[in-house]
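Trainee: I am new to this structure and would like to walk through it with you. Could we take it one question at a time?

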Amino acid sequence: MANTEENKIFETETVTIPDFVEDKTDAAETTVSETTGYSDPDLSIFKMSDEELYDDDDEDEDEPHEKRKGGNVSLILCVIAMLLLLATSVAAVYYAYKQHQAYINANTSYLQLQANENAYKKQIADKDAQIADLTKQIEELKKSDSSSSSSDATGTLVYKVVDGPLSFRKAPGMDAELTTYNGNEKAENGSKFQVIEIIDDEAEATRKWAKISDEVYFCIGYLGEVWAEEVH
């Protein structure tokens, strides 16, 4: 019974097949009897051109390519940024190293200059001490000369140079070392001296010497010649 009803339904259906040969005609429709309850299928795809059919495929194929291209650009920019950051870091480290080296060199030079300054100050202090010591010695020598002059005044004999100048010597002899007396190297004509004693030359008995101070002598005559005479 069921088969009989299905056969009747299929017998009453009328199917209309569209004409695929016609260009740009109205959309063909397949009519179905109202009793079937089926809707008409959309056959518009059969009228689409090749460009319309393959446009979506091309867009689908191009979209991943564009995405890959954009991703590559971002990656390149990221690498460039990293390289710039690395270069900046290296430059900063190098600059800091150079500054540190410059500081060390400057500090070393400063310490060396300070050491030299201290050495120069010490040398100056030593020189000042030597100058002070020499000045003291000179003052003592001046005082000694003054005391010698005062002691010379105790001589009881007075001799006047009549045939000079006569050299002062440290001992009564021609080979004795020359010396000075009151800043003078020789006794000039007309000079008067207080003589402590008259001494004969040990090498030459005809030569006589006048002692006017400790280790200060001058010859008063030789071979009967009178170079200095006693003043009464």
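**A walk through the predicted model**

Mentor: Gladly, and let us start with one residue: R207 is found in strand β6. Keep in mind that this is a predicted model.

Trainee: Is R207 buried or exposed?

Mentor: The relative accessible area of R207 is 7%. Buried means under 20%. With that value, R207 counts as buried.

Trainee: Which residues does R207 touch, leaving out those up to four places away in sequence?

Mentor: Several of its contacts carry numbers below 207, namely M174, I199, D200 and D201. The others are C219, G221, Y222 and W227. Put together, R207 touches M174, I199, D200, D201, C219, G221, Y222 and W227.

Trainee: Now the overview, please. In what pattern do the helices and strands follow one another along the protein chain?

Mentor: The protein chain has 2 helices and 9 strands. Read along the sequence, the helices come ahead of the strands. The pattern is α-α-β-β-β-β-β-β-β-β-β.

Trainee: What percentage of the residues in the protein chain is buried?

Mentor: The protein chain has 232 residues. Its accessible surface comes to about 18,400 Å², with 55% belonging to carbon and sulfur atoms. As for the residues, the buried ones make up 14%.

Trainee: Back to β6, then. Which strands stand at the edges of its open sheet?

Mentor: The sheet has 4 strands in the order β5-β6-β7-β8, with antiparallel pairing. The strands at the edges each have a single partner strand, so one side of each is left without a neighbour in the sheet. Those edge strands are β5 (197-200) and β8 (225-226).

Trainee: Which residue of β7 stands opposite K211?

Mentor: β6 and β7 pair in the antiparallel sense. Their pairing runs over 6 bridges. Opposite K211, in β7, is Y217.

Trainee: What about β1: which residues stand across from K160 in β4 and in β9?

Mentor: β1 pairs with β4 in the antiparallel sense over 4 bridges. β1 is also joined to β9 (residues 228-230) by 3 bridges, and these two run antiparallel. In β4 the bridge partner of K160 is K192, and in β9 the residue opposite K160 is E229.

Trainee: Which element gives the most to the largest nonpolar core?

Mentor: That core has 18 residues, and L166, F168, F193, I212 and F218 touch the most other members. The elements that give two or more residues to this core are β1 (157-161), β4 (192-195), β6 (207-213) and β7 (216-222). The one that gives the most, with 5 residues, is β7.

Trainee: F193 and F218 caught my eye there. Are their rings stacked, edge-to-face or tilted?

Mentor: A search of the whole structure finds 5 aromatic pairs. The ring centres of F193 and F218 are 5.4 Å apart and their planes are at 50°. Planes under 30 degrees apart count as stacked and those over 60 as edge-to-face, with the rest as tilted; at 50°, therefore, the pair is tilted.

Trainee: How many residues apart are F193 and F218 in the chain?

Mentor: F193 is in strand β4 and F218 is in strand β7. Both F193 and F218 are buried, and ring pairs link them with F168 and Y181 into a cluster. The pair links distant parts of the chain, with a separation of 25 residues.

Trainee: How many disulfides are found in the whole structure?

Mentor: A disulfide needs a pair of cysteine sulfur atoms within 2.5 Å. As for the cysteines C78 and C219, C78 is partly exposed, with a relative accessible area of 41%, whereas C219 is buried, with 6%. The number of disulfides found is 0.

Trainee: Which residues are joined by a cis peptide bond?

Mentor: Most residues other than glycine have a negative phi, and most peptide bonds are trans. The loop between β1 and β2 (166-167) holds P165. There a cis bond, with omega about 0°, joins G164 and P165.

Trainee: And what is the phi of L223?

Mentor: L223 lies in the loop between β7 and β8. L223 is exposed, with a relative accessible area of 56%. Its phi is positive although L223 is not a glycine, with a value near 55°.

How values were computed:
Residues numbered from 1 in each chain as written. Predicted model: local features only at pLDDT ≥ 70, side-chain atom pairs only at ≥ 80, totals over all residues. Heavy atoms only, no water. Core = buried A, V, L, I, M, F, W, Y, C linked by side-chain atoms within 4.5 Å. Buried < 20%, exposed > 50% of the residue type's maximum accessible area, 1.4 Å probe, protein only. Pairing = 2+ DSSP bridges. Contact = heavy atoms within 4.5 Å. Areas by Shrake-Rupley, 256 points an atom, 1.4 Å probe, with all protein chains shown as cover. Phe/Tyr/Trp six-rings, centres within 6.5 Å; stacked < 30°, edge-to-face > 60°.
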